[in-house]
Amino acid sequence: MALPAILKDNLRLPVIGAPLFIISHPPLVLEQCKAGIIGAFPALNGRPEAQLDEWLAQITEELANHNASNPQRTAAPFAVNQIVHRSNKRLEHDLLMCEKYKVPIVISSLGAVPEVNETIHSYGGIVLHDIINNRHAKSAINKGADGLIAVAAGAGGHAGPLSPFALVQEIREWFDGPIALSGAIANGGAVLAAEALGADLAYIGTPFIATHEARAVDEYKQMIVDSAAADVVYSNFFTGIHGNYLKPSIEKAGMDPDDLPEADATKMNFGERETGAKAWKDIWGSGQGIGAVKSVRSVSEFVDQLDAEYRQVRERLLGPNPG
């Protein structure tokens, strides 16, 4: 199956900037798109719900103005992440906003719902559903998703336990549609490696936390810079779903990151547990690729570096690009 035009045209690199809970907002998304990668944000970041309307108006208008002024280098498209779990009481409203602004790409999470896919397809948008195993991947495609985001071991925030080698290999045995791969991808060589594994795009989150445009506190950004893979712990204690978190943030909240209890997976909780610490606000997510992040910088600087690394590694392995 050919990759949909929306996932390849106007892209400088085959990269999606992952939607970061709390952190992603219009300034970050706009700079990602202008730099030539797909920018994304969770619909729930726009609070109250009326703010989502404002954000989508801002993003669509500014990208249209950018494209009119830069016809030779138009911006990449943007995406909105929708949590389709029954706990999300805003889903109907937020889908209507996506329909109103014809959001080109919707990333669905925590449940595959045919009605969500039908709404996005009604105006020509596409849906990528994030999954952590082959069973969930088959379910998502059977229910109408256009493509998959394979969230492998080492990804920041909620992440699966499977190696990217195993996860992409199993999906590619039966699915020839779009796959974006997530999991410790933080430099240009890793983007090329994702393609070598069989993915079409790399899904990058953590390095964008340490950018000037990200809506994260300075301490969080610096913690990303100062940490390495050994400073990431995998636990389901904070939300009921396994995810990767920074050990120093757990210690700051008064807990031992090496001795966290198991949570009841049937009681998903995005707020505070008995510790009083809130996931994402006080306990900070991070992928295992943070060792590649050496400084806080702008989105454009980071994407420039990704591009240079990607081309350098590609040329070393494949020879000069005749194009």
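The protein exposes about 14,100 Å². Carbon and sulfur atoms supply 51% of that area. The model is a predicted one. Its secondary structure consists of 11 helices and 11 strands. The radius of gyration is 19 Å, close to the 20 Å given by the globule rule for 323 residues, so the protein is as compact as a globular protein of that length. Along the principal axes, the C-alpha atoms fill a box of roughly 55 × 45 × 40 Å.

Burial and contacts were examined next. Of the 323 residues, 52% are buried. Among contacts with a separation of 6 or more, 64% link residues 24 or more positions apart. Charge was also considered. The protein carries 27 positive and 38 negative charges. The mean positions of these two sets are 1 Å apart.

The largest nonpolar core contains 50 residues. Within this core, I171 and I204 have the most contacts. Helix α11, residues 299–318, contributes the largest share of the core, with six residues. Another core lies apart from it and has 25 residues. Among the residues of that other core are A43, L95, C98 and V106.

I204 illustrates the contacts of the largest core. With residues up to four places away in sequence left out, I204 touches V15, I16, G17 and A18. I204 also touches I185 and V191. F302 and L306 complete the list of its partners. Strand β1 spans residues 15–17, and helix α11 spans residues 299–318.

Helix α9 covers residues 218–226. Its buried residues are Y220, K221, M223, I224 and V225. An α-helix has 3.6 residues a turn, so residues three or four places apart point the same way. The cover over the buried residues of α9 includes helix α8, residues 206–209. Strand β11, residues 243–246, and helix α10, residues 247–252, are also part of that cover.

Two acidic residues in helices were then compared. D94 is found in helix α3, residues 91–101. At 0% relative accessibility, D94 counts as buried, because the cut-off for burial is under 20%. Beyond residues up to four places away in sequence, D94 touches A43, L44, L52 and Q82. One of these partners, A43, is listed in the core of 25 residues. E118 belongs to helix α4, residues 114–121. The relative accessible area of E118 is 51%, and E118 is therefore exposed, since exposed means over 50%. E118 and A145 are 27 residues apart along the chain. Their C-alpha atoms are separated by 9.1 Å.

Backbone geometry was inspected at several sites. A cis peptide bond joins R47 and P48, with omega at about 0°. P48 sits in the loop between β2, residues 39–42, and α2, residues 50–69. N10 has a positive phi, near 70°, although N10 is a residue other than glycine. N10 lies in the segment before β1. The relative accessible area of N10 is 44%, which makes N10 partly exposed. I22, likewise a residue other than glycine, has a positive phi near 75°. The loop between β1 and α1, residues 26–35, holds I22. At 30% relative accessibility, I22 counts as partly exposed.

Two further residues give separations across the model. G285 is placed in the loop between α10 and α11. With a relative accessible area of 7%, G285 is buried. G285 and A76 are 209 residues apart in sequence. From C-alpha to C-alpha, G285 and A76 are 26 Å apart in space. F165 is part of helix α6, residues 164–172. F165 is exposed, with a relative accessible area of 58%. F165 and Y220 are 55 residues apart along the chain, and their C-alpha atoms are separated by 30 Å. Y220 is one of the buried residues of α9.

Notes. Residues are numbered from 1 along each chain as its sequence is written. This is a predicted model: local features need pLDDT of at least 70, side-chain atom pairs count only at pLDDT 80 or more; totals for chains, interfaces and linings use all residues. Side-chain values use heavy atoms; hydrogens and water are left out. Helices (H or I, at least four residues) and strands (E, at least two) are DSSP runs, numbered from the N terminus. The radius of gyration is taken over C-alpha atoms; the globule rule is 2.2 Å times the number of residues to the power 0.38. Buried means under 20% relative accessible area, exposed over 50%, partly exposed in between (1.4 Å probe, protein chains only). Contact means heavy atoms within 4.5 Å. Accessible areas come from the Shrake-Rupley method with a 1.4 Å probe; for residues, only the protein chains shown count as cover. Lys and Arg count as positive and Asp and Glu as negative; His and the chain ends are not counted. The place of a charge is taken as NZ of Lys, CZ of Arg, CG of Asp or CD of Glu. A nonpolar core is a set of buried Ala, Val, Leu, Ile, Met, Phe, Trp, Tyr and Cys residues joined through side-chain atoms within 4.5 Å.
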